[in-house]
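Thanks for making the time, everyone. I would like to walk you through one model, beginning with its charged contacts and ending with its surface.

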Amino acid sequence: MKDETAIYVILKRIRERKEQLKEIIAQGIHDFNEYNKSVGEYKGYNIMEQDIQDLQKQEEDGNT
C-alpha cells in the first residue's frame, strides 16, 4: 500500500470515529467520567487529524 493511500485510510477512520463520538456526546452522557473520556478522545482525534494534514502539506511544499 502506498503511503498516500495509507494516510487517506487513516484520516477516513479518524473522521468516522470523530463522527461517532460527536453523536454519542450529542445524545448525552450521564456519567461525567465517561463524558470527559469521550471529549478527550474527540480532541485527540482532532489533534491527530491536524498533525497528519500538516505533515502532508509540509511534504507537498518540500519542507520535510
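**Charged pairs, core and surface**

Let me start inside helix H1, where Lys22 and Glu19 are 3 residues apart and are therefore separated by about one helical turn. Please keep in mind throughout that what you see is a predicted model. The side chains of Lys22 and Glu19 meet in a salt bridge, with 3.2 Å from N to O. As for how far this pair is open to the surroundings, Lys22 has a relative accessibility of 40% and so counts as partly exposed, and Glu19, with a relative accessible area of 40%, is partly exposed as well.

There is also a network to point out, since salt bridges with shared partners join Arg15, Lys18 and Glu49 into one group. Within that network, Glu49 forms a salt bridge with Lys18, and the closest N and O atoms of the two are 2.6 Å apart. This contact links distant parts of the chain, with Glu49 sitting in helix H2 and Lys18 in helix H1, 31 residues apart. Are these two residues buried or exposed? Glu49 is buried, and Lys18 is buried too; the cut-off behind that word is a relative accessible area under 20%.

A further link between the helices comes from Arg17 and Glu41, whose side chains meet in a salt bridge at 3.0 Å, again taken from N to O. Here too the partners belong to distant parts of the chain, Arg17 lying in helix H1 and Glu41 in helix H2, 24 residues apart. Because its relative accessible area is 26%, Arg17 is classed as partly exposed, and Glu41, at 23%, is likewise partly exposed. If we ask how many salt bridges a search of the whole structure finds, the count is 5, and the pairs I have described are among them.

Let me turn from charge to the nonpolar side. Which residues make up the largest nonpolar core? That core has 5 residues in all, namely Leu11, Ile14, Leu21, Tyr45 and Ile52. Helices H1 and H2 each supply at least two residues of this core, and H1 gives the most to it, with 3 residues.

On the outside, I would draw your attention to a negative surface patch, which is formed by Asp3, Glu4, Glu59, Glu60 and Asp61. Helix H1, spanning 3-27, and helix H2, spanning 32-61, each contribute at least two residues to the patch. In this case H2 gives the most, with 3 residues, whereas for the core that part was played by H1. One of the patch residues, Glu60, is found in helix H2, and its relative accessibility of 66% is why Glu60 counts as exposed.

Finally, a word on Asp54, which lies in helix H2. With a relative accessible area of 34%, Asp54 is partly exposed. The C-alpha atoms of Asp54 and Ile25 are separated by 27 Å, and the two residues are 29 residues apart along the chain.

To gather the threads, helices H1 and H2 are linked by the salt bridge of Arg17 with Glu41 and by that of Glu49 with Lys18, and both helices contribute to the largest nonpolar core and to the negative patch.

Methods:
Residues are numbered from 1 along each chain as its sequence is written. This is a predicted model: local features need pLDDT of at least 70, side-chain atom pairs count only at pLDDT 80 or more; totals for chains, interfaces and linings use all residues. Side-chain values use heavy atoms; hydrogens and water are left out. Patches are made of residues with over 30% relative accessible area and no salt bridge: like charges are joined within 9 Å, nonpolar side chains (Val, Leu, Ile, Met, Phe, Trp, Tyr) within 5 Å. Accessible areas come from the Shrake-Rupley method with a 1.4 Å probe; for residues, only the protein chains shown count as cover. A salt bridge is a side-chain nitrogen of Lys or Arg within 4 Å of a carboxyl oxygen of Asp or Glu. Lys and Arg count as positive and Asp and Glu as negative; His and the chain ends are not counted. The place of a charge is taken as NZ of Lys, CZ of Arg, CG of Asp or CD of Glu. Helices (H or I, at least four residues) and strands (E, at least two) are DSSP runs, numbered from the N terminus. Buried means under 20% relative accessible area, exposed over 50%, partly exposed in between (1.4 Å probe, protein chains only). A nonpolar core is a set of buried Ala, Val, Leu, Ile, Met, Phe, Trp, Tyr and Cys residues joined through side-chain atoms within 4.5 Å.
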